[in-house]
Amino acid sequence: MVRRFIQRKSPDRPENHVDMQLGDGWHKRNFLSEVVIPSLFTRRHGTSLKPVFPQLQVGQLCITWIGHASFLIQTPEHSVLIDPNWAKWLKVIKRIKHPGIELRDLPAIDLVLVTHAHFDHLDRKTLRAIASDQPIAVPEHVGNLVHDLGFNRVHELGKWQSFQHGSLKITLTPARHWGARVLHDSHRGFGGFLIEYEGRTILHCGDSAYFEGFREIGERADIEIALLPIGAYDAPTKRDVHMNPEQALAAFMELRARTMIPMHFGTFRLSYEPLHEPPKRLLEKALELNVLDKVRLLNEGEPQVF
């Protein structure tokens, strides 16, 4: 049975909520002039592919990276979308790379998962286009943002709480981040999703700074494939809110996962580092650590069977 959560009027901040105080040196650079304005004149690139989704055999999974933190996860029985975002703009932040798949080319979606309320992960226009009377899962205190979009049920989960969707088990895992849609609603939850299906496991960790919780997740779950963010680490606020590639690899090893798929780079320029830098740093560090064979760098829009 799925537990439904009722929002409190004045809930406390969730555990592992990052400090909202600006970091040292945040004022020494100008994000508007260095990143936002030049991005306006950057031509969007990338191609939306017409995907050919494979007929999966028993025990197989298919993962398609759409771009940024958006993924399509398929089993022989299900099609699950995580953090779907087809937006061309995040307010004033321009999308630099096209989604790997057009919305119209998606298969029928059985379940939608949204890791937190930030605009690059919860895009209401995209969700409204996808909604067709299927369920959606979000962290607690995020449900009111999606109730009116056309989903038949909203599952609000607290840390380590789960629900069953047919033969899928979905669990909200901890992260170190924050979930405010706007500045004053810092009570909103955030996290990642552990997807379990007939002995196969995928972790989409959502957005997270590096923290000791990755070791806990690895101790509590046998993770096969970890989808981990590697970009937006040189934040204009100088706050520690995202992992850099080296930290993502450390998290991967603490999770004790067997395959790492990087995400959260190359689509929106949300921080100072160049868009091409995160995967380059990731591969260099993976080679140094002798784990290059465990890193799968996906191309947007290309289904991959695991």
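**Rings, a cavity and an enclosed strand**

Arg181 lies over the face of Phe119, with 3.9 Å to the ring centre. This is a predicted model, and all values here are computed from it. A second arginine is placed in a comparable way: the charged end of Arg29 sits over the ring of Tyr272, 4.0 Å from the ring's centre.

Rings also meet other rings. The count comes to five aromatic pairs. Take Trp65 and Phe265. Their ring centres are 5.1 Å apart and their planes meet at 35°. Planes under 30 degrees apart would count as stacked, and over 60 as edge-to-face. The angle of 35° falls in neither class, so the pair is tilted. This pair links distant parts of the chain. Trp65 belongs to strand S1 (residues 62-67). Phe265 sits in the loop between strand S14 (259-263) and helix H5 (277-288). The two residues are 200 residues apart.

Are these two partners buried or exposed? Buried means under 20% relative accessible area. Trp65 has 2% relative accessibility, so Trp65 counts as buried. Phe265 has 11%, so Phe265 counts as buried too.

Now turn to Phe211 and Phe214. They form an edge-to-face aromatic pair, with 5.2 Å from centre to centre and 75° between the planes. Phe211 is buried, at a relative accessible area of 4%. Phe214 is buried as well, at 1%. Back at Trp65, the contacts extend to a third ring: ring pairs link Trp65, Phe71 and Phe265 into a cluster.

Next, the empty space. How many cavities of 30 Å³ or more does a search of the whole structure find? The search finds one. The largest cavity holds about 90 Å³ of space. It is lined by 14 residues. The closest to its centre are Ala232, Phe268, Leu270, Glu273 and Leu275. By class, the lining has seven nonpolar, five polar and two charged residues.

Finally, look at strand S13 (residues 225-229). Why is S13 described as largely enclosed by the rest of the structure? Because five of its five residues are buried. Its side chains point two ways. Ile225, Leu227 and Pro229 point one way from S13. Ala226 and Leu228 point the other way. Residues on both sides are buried. S13 also has a partner. Strand S12 (residues 200-204) pairs with S13 in the parallel sense, over three bridges. Across this pairing, Ile202 stands opposite Ile225 in S13.

Note on methods:
Residues numbered from 1 in each chain as written. Predicted model: local features only at pLDDT ≥ 70, side-chain atom pairs only at ≥ 80, totals over all residues. Heavy atoms only, no water. Phe/Tyr/Trp six-rings, centres within 6.5 Å; stacked < 30°, edge-to-face > 60°. Helix = DSSP H or I, 4+ residues; strand = E, 2+ residues; numbered from the N terminus. Buried < 20%, exposed > 50% of the residue type's maximum accessible area, 1.4 Å probe, protein only. Lys NZ or Arg CZ within 6 Å of the ring centre and 35° of its normal. 1 Å grid on protein atoms, 1.4 Å probe; cavity = no way out; pocket = protein on both sides within 12 Å on 5 of 7 lines; lining within 4 Å. Points joined across faces, edges and corners; volume = space filled by probe spheres on them. Nonpolar A, V, L, I, M, F, W, Y, C, P; charged D, E, K, R; others polar. Pairing = 2+ DSSP bridges.
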